[in-house]
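I opened the model to look up a few things and kept notes as I went. The entries follow in the order I made them.

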Amino acid sequence: MTDQQNAEMRPVEGGVTAARGFRASGVHAGFRKDPERFDLALVAADEPCACAAVFTQNVFCSAPVTVSREHLEGVGYGTARAVVVNSGNANAATGEPGLEAARETAVIAGDAVGCPASEVLVASTGVIGVHLPMAPFGTGLPVATAALSAEGGADAARAIMTTDTYPKEAAVSFSGDGVGYDGCTFTVGGMAKGSGMIMPNMATMISVITTDAPVAAPALHAALVRAVNRSFNKVTVDSDTSTNDSCFLLASGEAAPAGSAPFDPDGAAFARFEAALVAVCETLARLMAADGEGASRLVTVKVTGAANDADADLAARAVANSPLVKTAICGHDANWGRIAMAIGKSGAAFRQEDAAIDIMGLPVCRGGLTVAFDEDEALRRFEQPEIAIDIDLGAGDAETTVWTCDFTHEYITINGDYRS
C-alpha cells in the first residue's frame with residue numbers, strides 16, 4: 001500500500017453498514033439458550049448487487065459453505081441481496097439434512113427480504129455435528145428483516161460471535177478525487193468473528209464486508225482473494241482450519257454517480273478501493289488474532305530475508321503456531337531458542353549462521369548465536385499489548401507478516417468445556 005493510498009483513507013464508524021446501500025440487524029432467534037444473546041445476523045443490500053466470496057479449504061466443509069458456493073455457481077462471485085449468519089450451531093457434518101436446512105434458510109430469508117433464494121448467502125458458526133433447527137429461522141428472520149437498519153452493523157457483529165470476547169468491526173472511506181470520481185467518497189466496511197479454530201486457507205472464520213464502490217463481480221473476487229491472502233490467511237490462533245470459514249464481499253456501487261461504469265481493474269480508482277479493502281481486512285485480522293481464545297497478547301511475527309515468499313510464510317507460520325513459543329510469550333520469557341527451533345524445522349531454506357532474531361525490538365540472536373540482553377528490560381517490554389518478533393533469515397529479499405496470540409491456561413479451559 002503506497003503512502004498516497006494511505007493518505008486517501010480515513011477510518012469511519014459503522015462496520016458492515018458504513019457503506020451506502022446496506023442495512024443489517026442482529027437478533028435473538030433461539031439458537032442459543034440465553035435470551036439476551038443475539039444469535040442471528042442479517043446483512044441486506046437495498047438492491048441485488050455484485051458479490052464475491054472465499055471459503056474454507058477444509059474437506060469437512062459445512063452445509064452453508066456448500067450451499068453458498070452453489071449460489072455463486074462454483075466460481076466464487078455473482079449477484080446477491082442478503083447474507084444470513086447464525087451462531088451457536090455450525091451445521092457441519094450434518095449430511096443431507098444439513099444441506100436441506102441451509103437451502104431452506106435461504107428460502108426463508110429470501111421470502112423475508114424479497115428476493116430469490118439464489119440471491120441469499122448463508123453461513124453458520126458453532127458446534128459441529130449437531131443438526132440445525134429450522135424453527136428459529138422461521139421466527140427470527142422476519143424479526144431480523146423488520147429490524148434492518150443502516151445503524152444495525154454493531155448488532156449484526158455481536159450476533160455472529162461464538163467464543164469471541166468482543167465484536168469485530170472496521171470501516172474506512174476513500175476519496176474519488178483525481179481518479180475520475182471527483183466529489184465522491186467511497187467506503188469499505190465489514191465485520192468478522194473468530195477466536196479459535198483459526199488458521200484459514202482462503203478465508204477467515206466468518207466475515208461480511210461491504211462497499212459502495214462500483215466494482216464488477218469478477219474483479220471483486222480477484223481483489224478479495226488478494227486481500228484475504230494478505231490478511232485473514234496470515235492469522236493463526238491454533239493452526240486449525242475451521243469447517244465453516246466464509247468471507248463475503250458485496251458491492252452496491254451506491255456512492256458513484258448514477259449510471260457509472262464499474263471501476264477499471266487497472267485504474268487508479270480501483271487501486272484505492274483495493275487498498276481500502278486490504279486495510280479493513282488487516283484490521284479485522286489483527287482483531288481476530290488479538291482475541292484468540294484465552295489470549296492475553298497479540299503477537300506479530302515478521303520474517304524478512306527469505307529466499308522466496310513460500311519460505312517466508314513457512315518460517316513465520318512455524319513460529320506463530322509453535323506451542324512452545326506461544327507459552328513462552330504467555331510467561332513473558334524471551335526464550336529465543338524456541339523461535340530458532342521453529343524456523344529451523346519449518347522447511348525454509350537458510351543457514352543458521354545468517355539468521356537474526358529480535359524480540360520486542362531487543363536483539364537476542366545474531367549470526368545464529370546468542371546476544372546478551374537485559375532480562376529486566378525484556379520483562380518490561382512484555383507488558384505491552386502487542387508482542388513483536390522479527391526474524392531475518394539472511395537468505396533473500398522475500399518477507400511476510402503473520403498474526404497470532406499467546407497460549408494461556410484459559411485456552412485449555414475454553415476448549416475443554418466448549419460443548420458444555
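**Entry 1: the domain interface**

I began with the buried area: domain 1 and domain 2 bury about 1,300 Å² between them, and 53% of it is on carbon and sulfur atoms. I note here that the model is a predicted one. I give the area because the size of an interface is often stated as the accessible area lost when the parts come together.

Next I looked up where the chain is divided. Domain 1 covers 3-291 and domain 2 covers 298-417. Taken over C-alpha atoms, the centres of domain 1 and domain 2 are separated by 32 Å. I then listed the residues in contact: domain 1 supplies 16 residues and domain 2 supplies 17 residues.

I asked myself how many salt bridges the rule finds across the interface of domain 1 and domain 2. The number I got is 2 salt bridges. For polar contacts between domain 1 and domain 2, I counted 5 residue pairs, both residues being at pLDDT 80 or more. I also checked which element gives the most to the side of domain 1 that touches domain 2. My note reads helix 7, with 5 residues.

**Entry 2: salt bridges**

I took the total for the structure, which is 16 salt bridges. I then went through several of them one at a time.

I looked at Asp46 and Arg23, whose side chains meet in a salt bridge at 3.3 Å, N to O. Asp46 sits in strand 3 (residues 40-55) and Arg23 in strand 2 (residues 22-27), so I wrote the pair down as a link between distant parts of the chain, 23 residues apart. I put Asp46 down as partly exposed because its relative accessible area is 34%. Arg23 also counts as partly exposed, at 30% relative accessibility.

I went on to Glu70 and Arg103, where the side chains form a salt bridge at 2.9 Å, N to O. Glu70 lies in helix 2 (residues 63-71) and Arg103 in helix 3 (residues 95-113), so this pair ties together parts that are 33 residues apart in sequence. At 40% relative accessibility I have Glu70 as partly exposed, and at 31% I have Arg103 as partly exposed.

I found that Arg103 has a salt bridge with Glu96 as well, with the closest N and O atoms 3.7 Å apart. Which residues do the salt bridges that share partners join into one network? I wrote down Glu70, Glu96 and Arg103. Glu96 has a relative accessible area of 43%, so I marked Glu96 as partly exposed.

I also recorded a salt bridge between the side chains of Asp313 and Lys234, at 2.7 Å, N to O.

**Entry 3: Thr404**

I looked up Thr404 and found it in strand 15 (residues 398-405). Is Thr404 buried or exposed? I entered Thr404 as buried because its relative accessibility is 1%, and the cut-off for buried is under 20%.

I then listed two polar contacts of the Thr404 side chain. One is with the side chain of Lys326, at 2.8 Å. For the other, a polar atom of the Thr404 side chain lies 3.3 Å from the backbone oxygen of Ala320.

**Entry 4: Asp309**

I placed Asp309 in helix 8 (residues 309-321). I entered Asp309 as exposed because its relative accessible area is 57%, and exposed means over 50%. I also took a C-alpha distance from Asp309 to Arg297, which came to 26 Å for two residues 12 apart along the chain.

**Entry 5: positions listed in UniProt**

I checked the UniProt record, an unreviewed entry, for "binding site". UniProt lists Thr162, Lys193, Thr204, Glu293, Asn415 and Ser420 there. I followed up Lys193 and Glu293 from that list.

I found Lys193 in strand 7 (residues 185-193). With a relative accessible area of 1%, Lys193 is buried. What does the side chain of Lys193 make a polar contact with? I noted the side chain of Thr125, at 3.1 Å.

I found Glu293 in the loop between helix 7 (268-290) and strand 10 (298-306). I have Glu293 as buried because its relative accessibility is 5%.

Conventions: Residues numbered from 1 in each chain as written. Predicted model: local features only at pLDDT ≥ 70, side-chain atom pairs only at ≥ 80, totals over all residues. Heavy atoms only, no water. UniProt positions renumbered as here; feature names shortened; annotations may be inferred. Helix = DSSP H or I, 4+ residues; strand = E, 2+ residues; numbered from the N terminus. Buried < 20%, exposed > 50% of the residue type's maximum accessible area, 1.4 Å probe, protein only. Polar contact = N/O pair within 3.5 Å; in protein donor to acceptor, adjacent residues only side chain to side chain. Salt bridge = Lys/Arg side-chain N within 4 Å of Asp/Glu carboxyl O. Domains from an automatic or database assignment. Contact = heavy atoms within 4.5 Å. Buried area = accessible area lost by both parts, 1.4 Å probe.
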